[in-house]
Amino acid sequence: MSTASSPAPAQLTTDRLVLRPWTRAEAAAVLADTRSARWADDFPAEGDRVIAALFAQHPAWLGEHGHRLIIERDSGLVVGSIGLFWPPSEGIVEIGYGVVASRRGRGYAAEAARALADFALTAPGVHAVVAGVELSNPASLRVLEKAGFRRSATEDGVARFMLTSRDRSGQ
């Protein structure tokens with residue numbers, strides 16, 4: 001396999017987190033319910049299992065602009081996952097995320113969402129990152145607001161958020 005045709009997906013590092021692409025072995029371990037010493041005690045959450053099961057149908061999600069594990073830099077433990085539902089449609093890509101219950105309330109989801117959205121906006125042809133959150137989930141609404149997303153619509157109990165290249169540059 002040539003590295004020129006298959007570059008290794010970029011690892012993103014923030015102040016407190018590393019966002020690293022999933023490996024096929026990690027997805028298989030999640031699906032087999034095989035524990036890793038490198039996972040927080042409550043990882044994987046149900047959403048992580050759903051994503052791991054979808055990799056076979058959506059191989060691009062394992063690529064450079066796909067899904068990543070959220071890893072605490074201090075402990076080295078996987079504490080959640082975040083991802084882009086690649087490929088984009090008309091320059092727009094959706095983001096989804098989840099942090100395990102034991103690590104919520106620390107700002108990890110907002111930190112990870114901002115980092116991955118900023119990264120997505122550097123991809124050719126991508127001009128917006130969107131997310132949908134049920135109004136019954138106020139914590140997730142705050143995550144997107146803290147990450148710099150702006151609410152663009154609310155319909156049928158779901159708030160739609162967007163971050164654009166313009167939002168990112170502060171123009």
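**Strand β8 and its surroundings**

Strand β8, spanning residues 158-164, is mostly covered, with 5 of its 7 residues buried, and it should be kept in mind throughout that this is a predicted model. On one hand, β8 pairs in the antiparallel sense with strand β6 (residues 128-134) over 7 bridges, and within this pairing Phe161 of β8 is the bridge partner of Ala131. On the other hand, β8 also runs antiparallel to strand β7 (residues 150-155), to which 5 bridges join it, and here Met162 of β8 stands opposite Arg150. Strands β7 and β8 form a hairpin with 2 residues between them, and Asp156 in that turn has a positive phi of about 50°.

Ahead of β7 in the sequence lies helix α4 (residues 138-146), in which Ser140, Leu141, Val143 and Leu144 are buried. Seen down the axis of α4, the buried residues fall within an arc of 155°, so they line one face of the helix. An α-helix has 3.6 residues a turn, so residues three or four places apart point the same way. The cover over the buried residues of α4 includes β5 (92-99), α3, β6, β7 and β8. Helix α4 is followed by Gly148, which has a positive phi near 95°.

From here the path leads to the nonpolar interior. The largest nonpolar core has 52 residues, and Trp22, Phe43, Ile95 and Phe149 are those with the most contacts inside it; helix α3 (residues 108-120) gives the most to this core, with 10 residues. Leaving aside neighbours within four places in sequence, Phe149 is in contact with residues including Ile95, Ala113, Ala117, Val129 and Leu144, as well as Phe161, Met162 and Leu163.

Definitions and conventions
Residues are numbered from 1 along each chain as its sequence is written. This is a predicted model: local features need pLDDT of at least 70, side-chain atom pairs count only at pLDDT 80 or more; totals for chains, interfaces and linings use all residues. Side-chain values use heavy atoms; hydrogens and water are left out. Buried means under 20% relative accessible area, exposed over 50%, partly exposed in between (1.4 Å probe, protein chains only). Helices (H or I, at least four residues) and strands (E, at least two) are DSSP runs, numbered from the N terminus. Two strands pair if DSSP finds at least two bridges between them. A nonpolar core is a set of buried Ala, Val, Leu, Ile, Met, Phe, Trp, Tyr and Cys residues joined through side-chain atoms within 4.5 Å. Contact means heavy atoms within 4.5 Å. The arc is that of the directions from the helix axis to the C-beta atoms.
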